Amino acid sequence: KPLQEAQSDQAAGQADFASVLKEAIRAVDDLQKQGEAASIGLATGEIQDAHTAVIALEKASLSMALTVEVRNKIIEAYNEIMRMQI
C-alpha cells in the first residue's frame, strides 16, 4: 500500500510540474503575442504611446530570455544526471 501511495504522489507531482511548465510557456507565448501586437500597433499608428509598445516588447524579450535560461539549466541538470554513475 505505501508503494502505491508513493507512486500516486509521484504521478501527481509530475502532473503538477507539467501543468506549471505548460502554464509558464503559455504565459511567455501570451507576452510574445502582446509584444508583436504592440509593435504592429505602433507601426500602423493604432498606438500613439511609444512607451506602451516598448514596455510590451521588453516584457516579451525578458520573458523569452528567462525561458531560454531555464531551459538551459534543465538541460544542464539532465546532462549531469546522465553522467552520474549508479
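This is a short talk on the helices, the buried residues, the surface patch and the salt bridges of a predicted model.

Before I start, a word on how to read the values: the model is predicted, local features need pLDDT of at least 70, side-chain atom pairs count only at pLDDT 80 or more, and totals for chains, interfaces and linings use all residues. Residues are numbered from 1 along each chain as its sequence is written, and side-chain values use heavy atoms, with hydrogens and water left out.

Let me begin with the overall picture. The secondary structure comes to two helices and zero strands, where helices (H or I, at least four residues) and strands (E, at least two) are DSSP runs numbered from the N terminus. Of the 86 residues in the protein, 9% are buried, and by buried I mean under 20% relative accessible area, with exposed being over 50% and partly exposed in between, using a 1.4 Å probe and protein chains only. The accessible surface of the protein is about 7200 Å², and 62% of that belongs to carbon and sulfur atoms; these areas come from the Shrake-Rupley method with a 1.4 Å probe, and for residues only the protein chains shown count as cover.

Now to helix α2, which covers residues 50-83. With its 34 residues, α2 reaches 49 Å from its first C-alpha to its last, close to the 50 Å expected at 1.5 Å a residue; the expected span is 1.5 Å times one less than the number of residues. What caps the N-terminal end of α2? That is Asp-49, with a side-chain oxygen 3.3 Å from the backbone nitrogen of His-51. The buried residues of this helix are Ala-53, Ala-56, Ala-60 and Ser-63.

Ser-63 deserves a closer look, and it also takes us across to helix α1. Ser-63 counts as buried because its relative accessibility is 10%. Leaving aside neighbours within four places in sequence, Ser-63 is in contact with Val-28, Leu-31 and Gln-32, contact here meaning heavy atoms within 4.5 Å. Val-28 lies in helix α1, and its relative accessible area of 13% is why Val-28 is buried as well. Seen from the side of Val-28, and not counting residues up to four places away in sequence, the residues touched are Ser-63, Met-64 and Thr-67. Two C-alpha distances add to this picture: Val-28 and Ala-65 are 37 residues apart in sequence and 10.0 Å apart in space, while Ala-24 and Ser-63, 39 residues apart along the chain, are separated by 9.7 Å. Ala-24 is itself in helix α1 and, at 38% relative accessibility, counts as partly exposed.

Turning to the surface, which residues make the nonpolar patch of about 570 Å²? They are Phe-17, Leu-21, Ile-25, Leu-66, Val-70 and Ile-74. The elements giving two or more residues to this patch are α1, residues 2-44, and α2. For the criteria, patches are made of residues with over 30% relative accessible area and no salt bridge, like charges being joined within 9 Å and nonpolar side chains (Val, Leu, Ile, Met, Phe, Trp, Tyr) within 5 Å. One of the patch residues, Phe-17, is in helix α1 and is exposed, with a relative accessible area of 52%.

Finally, the salt bridges, each being a side-chain nitrogen of Lys or Arg within 4 Å of a carboxyl oxygen of Asp or Glu. How many does the count come to by this rule? The count is three.

In one of them, the side chains of Arg-26 and Glu-23 meet at 3.0 Å, N to O; these two are about one helical turn from each other because they are three residues apart in helix α1. Both are partly exposed, Arg-26 at 45% relative accessibility and Glu-23 at 46%.

Another joins Lys-33 and Asp-29 at 3.2 Å, N to O, and here the partners are four residues apart in helix α1, about one turn of the helix. Lys-33 is partly exposed at 49% relative accessibility, and Asp-29 is partly exposed at 35%.

The remaining pair is Glu-80 with Arg-83, whose closest N and O atoms are 2.9 Å apart. Because they are three residues apart in helix α2, about one helical turn separates them. Glu-80 is partly exposed at 45% relative accessible area, whereas Arg-83 is exposed at 57%.

Conventions:
A polar contact is a pair of N or O atoms within 3.5 Å; within protein, one must be able to donate a hydrogen and the other to accept it, and residues adjacent in sequence count only if both atoms are side-chain atoms.
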